[in-house]
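Got a minute to go through a model together? Here it is, and then we can talk it over.

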Amino acid sequence: MNKIVTTRTKPVSAKLSRHTGVRRHAAIFVAPALAVYLLIVIAPSIGTLWISFTKWKGIGDEAEFVGIDNYQQLWRNDTFRGSFGRTLTLLVAGGFVVFVFAFIFTMLLREMRSKKLIRAIVFFPNVVPPVALAIAWGVLLAPRNGLLNGFLELVGLSSQTRTWLGPDLLFRSIIAGLVWIYTGFFVTILMAGVDRIPAYYYEAAELEGASARQKFTRVTIPLTWDVLSVAAVLWVILAIKTFEFIYAFGGSGTDPSASSWTLPVHVYVVALGNRSPILALGQGSAIAVVMVALVGALIFLTRRVMRRAVVEF
Amino acid sequence: MRKNKRKSVRGPLWRFLAVLLAAALVAAACGDDSSSTTPDTTTTAADSSDTTTTAADSSDTATEAPAPAPEPATIRYFSMWNEGEPQQQVLQASIDAFEAETGHEVDVLWGGREILTSVRAALSAGDAVDLVDLDAEPLVGALVNTGETQSLAGILDMTIPGEDVTVGDVIPSAFLDVYAIDGEPHLIPHSVVSSGIHYDGSRLAELGIDPPSTWDEFIAAAVAAGDNAVQADGLIDFYNAYWLYWLIVRHGGPGSFHAAASDVTGESWRSAPMRRAVADLVKLVDSGALAAGYDGSSYPLAQQQWAAGDGTFMVNGTWLASETSSYASPGFEYRLLSFPTVDGGSESAELYQIGWVVPNAAQAPDAAQQFIAYALGRDRLAGIADIAKNITPRSDIGVPPEIQDAADIFASEPEVHRIYDGVQGDFPEYWATVFLPLDDQLFFGQISGDEFIDQIASATADFWANQ
């Protein structure tokens, strides 16, 4: 008996020591990556948090510690409230439209023969630099000689022509552009989920007399729920951080007017600007911190709301 | 035995960490070395002897007697131009000739309009920045107002190589005074820009309209000129701002816009000249003379349409001729009106300069100043007029016909004011977050003149209360 015990313990302890050895070796391999990560991600993040408590214009200016002043000022700042509101509008309204379109495309594509080709086509805007797309949208939506208004006139819908980039419609046009870009991205993600669903579920549903809507709500949605939840998180991040397309919309190559700022554009303009730098680095950092907090809170909420038991199939 | 065993386990880890630490120390030493010795190495690119004295000298010599033969130095030059642009070609020619004649080396970064980003990065890394070339307002806002540039008063007494004149003889003091600190210039211009209302001279003659000179005449001419008479790229808010800023300066005089923007109570906005300026802008908006869809026109669509003959007037900087010449309809005759005047108002001219500053962090400030004096030489600076189609600060350099009207504005040595009356340069956050959004709403007809006055007065007070 004793013998057996010793023979049993020996390999266990050997295994353990081998395991610790692996851990030690792992530390060696992880250390460089960890050092780089600490240096270029964690340290600047802590730096940003610190700057958000100061008034600082950058090198040559002495940083003055002001506590939570920058955050209090944001609260009272109309321009910030505007940027915040537009970011939420993009997130909610834009998100709603993106997912409605993505689902429609997904359901249509599921039964199409050339679905790979069409999926590639709808994904295409994602591989073109957003700045180029933003300029193209400027040409498309130009008030006179613009392609959209020109088309409307051609088909006898002159009454429907609008100043698409005018103050009333500018931000809606930006959202339309972003929906156009990102729908393809989410179609691709949702398709990956839908493609996993075995065809016999749909066949069975059809035999049971399920309508298209019922197949969607009873088969597609429950069986892609995990993919959907990831997609929702991705949208939250994309909607809040999108910068280039909004910045370049209208194609001027200069800071856009404050009436179309979202949070990242606001951060850029007040912290760096381009030709007339504002260099309010404290305020810019405070907005960046608010953005990170917003992303964190919304991801937490999204995960919470979308938490379901995963259906195994 | 146990000891040995532990050693054998720890050995590779310690060795590895030791190597890492050593590598880190070497890297840190190199980093220190490169940042602290950059001036040395750069200064000595041409001559490796006596490096440290050169670097030390360059910061101290300002007060010493001028050295008979200065050590060849490397000037680190940050420029707003992109390679291939006309101004870049003109400056490159000056650089080449300067290097050949003086033995100094010019290490130039053609960084485009966002050159300040590169300047900031270099300054924060402790690298040498000897010369920066950019339009004055952002340059002044970012470097001069923050006390990071040095006085260039010494340049005024330098003789321009190849001529019998000094820099002070050829650059009007009115230009230098605009950005002077304690009476000493910190920015030396190589190009001078202004703004006004551009039109096609031949088209106006065809329409039988005389060039207007007062605001009321201008409105009447715009209404008479037919459809799309006044073109505007409404998506560029700082172009829209030309109208109201000019009207404020006309009604209230130079400095009145600056004073209203910096009035912490905001009440200056309610003054009579402000109300008159706003009412005049509303007259233009209500006249129907602005091109259809001007509020949603993206740059450079409207200015291209204007040059192609769709529209008559356009407010813009004097660079409009060079920006639009490739779209101009046959026979297009570039003309410029000084911004229309108002009864009893100011007639001052806008002066916008593009030029050089020498930061305090310069490692070769003497060579940098020498370059400025060299580049201001008549033959070398003439390229700014002939090739880049801009006005130069030297009155003895002629300009091409398309910008003759603009040059004439300065010929009479008028009272001058800064572009946007200095509001953009001195209060960039107020400009971007308070003034421009409300100005757009007024210019697009979304709010009335009274609403504008009420809103900007309270927004101005709020803005300063928050600072």
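What follows is a short chat about a sheet, a chain contact and a core.

Tutor: Ground rules: this is a predicted model, where local features need pLDDT of at least 70 and side-chain atom pairs count only at pLDDT 80 or more, while totals for chains, interfaces and linings use all residues. Residues are numbered from 1 along each chain as its sequence is written, with chains lettered from A and ligands numbered from 1 in the order in which they are written.

Student: Which strands stand at the edges of the open sheet in chain B?

Tutor: Helices (H or I, at least four residues) and strands (E, at least two) are DSSP runs, numbered from the N terminus, and two strands pair if DSSP finds at least two bridges between them. The sheet in chain B is mixed, in the order E6-E7-E5-E8. One side of each edge strand has no neighbour in the sheet because each has a single partner strand, and these are E6 (230–231) and E8 (334–337) of chain B.

Student: In which sense do E6(B) and E7(B) pair?

Tutor: Gln231(B) stands opposite Met314(B) in E7(B). With two bridges, E6(B) and E7(B), residues 313–317, pair in a sense that is parallel.

Student: Which helix gives the largest share of the side of chain A that touches chain B?

Tutor: Contact means C-beta atoms, placed from the backbone, within 7 Å; 40 residues of chain A are in contact with 40 of chain B. Helices H1 (2–51), H2 (69–76) and H12 (263–271) of chain A each supply at least two residues of that side. The largest share, three residues, comes from H1(A).

Conventions
Two residues are in contact if their C-beta atoms, placed from the backbone, lie within 7 Å.
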